[in-house]
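Welcome, and please open your viewer with the chain shown as a cartoon. We will move from one selection to the next, pausing at each stop.

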Amino acid sequence: MMNKRKSDDPRKYREYIKQETHWVWGKRYQFSVVEQKGSPVVDLQTKKLILRIGADTDIATRSHFLKQWYRNQLRAAAYELVGKWETRLRVKAASVFVRAMDDVWGSCNPQKRTIRLNAALVHKSPDCLEYIIVHELAHLIEQGNDHSLTAVLHNALPNWEAVRDHLNQSTLTY
């Protein structure tokens, strides 16, 4: 289980209006809303994150739709990385879940062979997601957080400690 620092979550103060800053894969984007008819769409451009959504939508609806988009982005990236690292580590996870988690970046249940990823990882750089996936898959080889696990991590990701330290010094602020 990978711990993260707790903090007052700034997302609860979001209004999902123009000029807010949002983070996707470790990069900052200027958020804006474009009112349009039809199904909501998120458009990620070079420096902008645009939510195209109906004119009468409230904050809760905008928040819900954007969170779903974030989760879909995380799932897509995670499934690709899980496949890559399952092959390299010669392990197989039965399933991978994305959840809002208050105090960990990820967790693994070795008996059920399941991995849970914190939904907030979509706001961190891709190397953070990769590290968490490798760490949790490594628990399918070594269940504790001891020297045996760190040996697996050193072999798989030589820079894992720097990524871990960076991730654990950060919060969910984005």
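Before the first stop, one convention: a crossing of two helices is called right-handed if the near helix is turned clockwise from the far one by less than a right angle, and left-handed if it is turned anticlockwise. Keep in mind, too, that this is a predicted model.

**Stop 1: helix 1 and helix 2**

Select residues 59–89 for helix 1 and residues 126–138 for helix 2. In what sense, left-handed or right-handed, does helix 1 pass helix 2? Helix 1 makes a right-handed crossing with helix 2. Their axes lie 10 Å apart, and the packing angle is about 45 degrees. Angles from 65 to 115 degrees would count as roughly perpendicular and those under 35 as roughly parallel, so helix 1 and helix 2 are oblique to each other.

Now show side chains where the two helices touch. On helix 1, pick Leu74, Ala77, Ala78, Leu81, Val82, Lys84, Trp85, Glu86 and Leu89. Across from them, helix 2 offers Leu129, Glu130, Ile133, Val134, Leu137 and Ala138. Colour this contact by class and you will find 12 nonpolar and 3 charged residues, with no polar ones.

**Stop 2: helix 2 by itself**

Hide helix 1 for a moment and stay on helix 2. Its 13 residues should span 18 Å at 1.5 Å a residue, and the end C-alpha atoms are indeed 18 Å apart, so the two values agree. Is helix 2 largely enclosed or not, and how many of its residues are buried? Of the 13 residues, 11 are buried, so helix 2 is largely enclosed by the rest of the structure. The buried residues are Cys128, Leu129, Glu130, Tyr131, Ile132, Ile133, Val134, His135, Glu136, Leu137 and Ala138.

**Stop 3: helix 2 and helix 3**

Add residues 147–156, which form helix 3. The axes of helix 2 and helix 3 come within 10 Å and cross at roughly 135 degrees, and this crossing is right-handed. Helix 2 and helix 3 are therefore oblique to each other. To see the contact, select Val134, His135 and Ala138 in helix 2 together with Leu149, Val152, Leu153 and Ala156 in helix 3. That contact holds 6 nonpolar residues, 1 polar residue and no charged ones.

**Stop 4: Lys37**

Finally, go to the loop between strand 3 (27–35) and strand 4 (41–44), where Lys37 sits. Lys37 has 83% relative accessibility, so it counts as exposed. Then draw a C-alpha to C-alpha distance from Lys37 to Arg52: these residues are 15 apart in sequence and 8.5 Å apart in space.

Methods: Residues numbered from 1 in each chain as written. Predicted model: local features only at pLDDT ≥ 70, side-chain atom pairs only at ≥ 80, totals over all residues. Heavy atoms only, no water. Axes fitted to C-alpha atoms, helices over the stretch in contact; angles between N-to-C directions. Helix = DSSP H or I, 4+ residues; strand = E, 2+ residues; numbered from the N terminus. Parallel < 35°, antiparallel > 145°, perpendicular 65-115°, else oblique. Contact = heavy atoms within 4.5 Å. Nonpolar A, V, L, I, M, F, W, Y, C, P; charged D, E, K, R; others polar. Expected span 1.5 Å × (residues − 1). Buried < 20%, exposed > 50% of the residue type's maximum accessible area, 1.4 Å probe, protein only.
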